[in-house]
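Hi, here are my notes to read with the model open beside you. Take the points one at a time and find each residue as you go.

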Amino acid sequence: MPRAVYILALGIFAMVTSEFVVAGLMPQMAEGLHVTVPQIGYLITAFAVAMAAGGPFLTMTVAKLAPRTALMTLFAVFLAGNVIAATAPGYAVMTAARIITGVASQAFFGVAVSLCVQLTRPEVRGRAIAVVMNGLMLGTLLGLPLSTLVGERFGWRAAFWAISALALVAAAVTLAGIPPLERAGSGGSLREELGVFRNPKLWLVLSTSTLIIGATFSAFSYLNPILTEVTGFSTGTVPALLIAYGAATVVGNTVVGRLADRRTVAVLAVGLLLNALFLTGFALLADAPVSAVVCMLGIGLVGVTMNPAMVTRVQRTGNAGPLVNTVHSSFITLGVILGSSLGAVAIDAWGLRAALWLGAGMAVLGLTTLLPEITLRRSGTPTASTRPPRHPACAGPTLRDRI
């Protein structure tokens, strides 16, 4: 595996840590910015909306740059957003900072995944994408608790300074470890990259990713209150359970990465089916501690861990260019927004277990989006998921040997 793949994972780890930092420091930030906790919660929404809506536009802006230059540009924007957050005198400036950081994070994700495809041989791309995605998983497992610890001990602004320092380290490693390659858009104009979105199947494939993530986050967003108010765990036990959940996502992501290239649709189908079963089991057995923990860990194993297979399927249906990857990431973010917001509505109407039932329903709906492709495969008709991903910059041999 090229070392550059691990470097890309470090960059994504920094981005994801910044994404989650607000969630761990809401009371401190509310006090420091003289606003309410719900207003701090809106900063999470602002970050997510900025990722989904603004990321593709920033990606188009940097698409004409060489990949390493594009990454360094995005690091600069991301760093600027975090520095503004660390020094924000009030809520309005903090909101602007989170929007800037969210847009840069989404664009970085798209460019990084696209570059990962450029740097690796077709037969190991699923594993390589899994390595890059581990930056996301480790951001949940380690980034959130570490940034929360720094914020609680040294103040919430120190957490943003720490993330800024992490971004500087990641940028320096990227500059030293990523080779100077041709620009990501060479061999295909922006119009050609936009042309792939005329394919109706690509939109169906993107909707599958939205539903996978939506199903997972309808549960993940409310694990804390479910585990304490329904299952009966103490508040001191929940952090350890969330770490176990994060560890499950790392394991699941690694397994899916090894299967994503050869069994893309099968992996997604099995993952959605198991997720629906785990979510249903959690809803039914949430008041039984052992069963609830088993179901929670099961969701960790088969939820966001579908990312390598999701990315592979999207790239084979569209292409492996940075714009397609960024738009896909926006659909993933849309899943986070839908899962958490619809979960809140369901909880207000029917109680905490309703978020789990909602997730199970979204997983089943996700399965239905796979049915056309499964039917074609059974009939022997070639599908996009059987073809290697196309990259606008990779008309010739792989660039792996240039590492």
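The points below go through helices, ring pairs, salt bridges and a few spots at the surface.

1. Before anything else, keep in mind that this is a predicted model. Every distance and angle in this note was computed from it.

2. Let's start with helix α9, which runs over residues 200–220. Its 21 residues stretch 31 Å from the first C-alpha to the last, close to the 30 Å expected at 1.5 Å a residue. Is this helix enclosed or open? It is largely enclosed by the rest of the structure, because 15 of the 21 residues of α9 are buried.

3. Look at the N-terminal end of α9 next, where Asn199 acts as a cap. One of the side-chain oxygens of Asn199 sits 3.0 Å from the backbone nitrogen of Lys201. Remember Lys201, as its side chain turns up again in point 6.

4. Now for the rings. How many aromatic pairs does a search of the whole structure find? The count is 6. One of them is Phe217 with Phe220, an edge-to-face pair with 5.3 Å from centre to centre and 70° between the planes. These two are 3 residues apart in helix α9, which means about one helical turn separates them. In an α-helix there are 3.6 residues a turn, so residues three or four places apart point the same way. The two partners fall on either side of the 20% cut-off for being buried: Phe217 has 14% relative accessibility and so counts as buried, while Phe220, at 23%, is partly exposed.

5. There is also a ring cluster to find. Phe197, Trp203 and Phe331 are the members, linked by ring pairs.

6. On to the charges: side chains of opposite charge can pair when their charged atoms come close. The model has 4 salt bridges. One of these joins Glu373 and Lys201, with 3.5 Å from N to O. The pair ties together distant parts of the chain, as Glu373 belongs to helix α16 (residues 353–378) and Lys201 to helix α9, 172 residues apart. Are the two partners buried or exposed? Glu373 is buried, because its relative accessibility is 2%. Lys201 comes out at 24%, so it counts as partly exposed. Arg313 joins in too: Lys201, Arg313 and Glu373 make up a network of salt bridges.

7. A further salt bridge is formed by Asp261 and Arg316, whose closest N and O atoms are 3.9 Å apart. Again the link is between distant parts of the chain: Asp261 is in the loop between α11 and α12 (264–285), and Arg316 is in helix α14, 55 residues apart. Both of these residues are buried.

8. Compare that with Arg353 and Asp287, whose side chains meet in a salt bridge at 3.8 Å, N to O. Arg353 lies in helix α16 and Asp287 in the loop between α12 and α13 (289–302), with their positions 66 residues apart along the chain. Arg353 is partly exposed at 28% relative accessible area, and Asp287 is partly exposed at 47%.

9. Helix α14 deserves a look of its own. How many of its residues are buried? The answer is 11 of 11, over residues 307–317. Among them are Pro308, Met310, Val314 and the two arginines from the salt bridges above, Arg313 and Arg316.

10. Next, a backbone oddity. Most residues other than glycine have a negative phi. His34 is not a glycine, yet its phi is positive, about 60°. You'll find His34 in the loop between α2 (26–33) and α3 (37–62). With 73% relative accessibility, His34 counts as exposed.

11. Finally, two stops at the outside. Leu138, Leu142, Leu146 and Leu149 make a nonpolar surface patch of about 340 Å². Leu146 is part of helix α6 (residues 125–154), and at 48% relative accessibility it counts as partly exposed. Ala240, in helix α11 (residues 238–259), is also partly exposed at 48%. Its C-alpha is 18 Å from that of Leu25, although the two residues are 215 apart along the chain.

Note on methods:
Residues numbered from 1 in each chain as written. Predicted model: local features only at pLDDT ≥ 70, side-chain atom pairs only at ≥ 80, totals over all residues. Heavy atoms only, no water. Patch = residues over 30% accessible without salt bridge, like charges linked within 9 Å, V, L, I, M, F, W, Y side chains within 5 Å. Areas by Shrake-Rupley, 256 points an atom, 1.4 Å probe, with all protein chains shown as cover. Helix = DSSP H or I, 4+ residues; strand = E, 2+ residues; numbered from the N terminus. Buried < 20%, exposed > 50% of the residue type's maximum accessible area, 1.4 Å probe, protein only. Expected span 1.5 Å × (residues − 1). Polar contact = N/O pair within 3.5 Å; in protein donor to acceptor, adjacent residues only side chain to side chain. Phe/Tyr/Trp six-rings, centres within 6.5 Å; stacked < 30°, edge-to-face > 60°.
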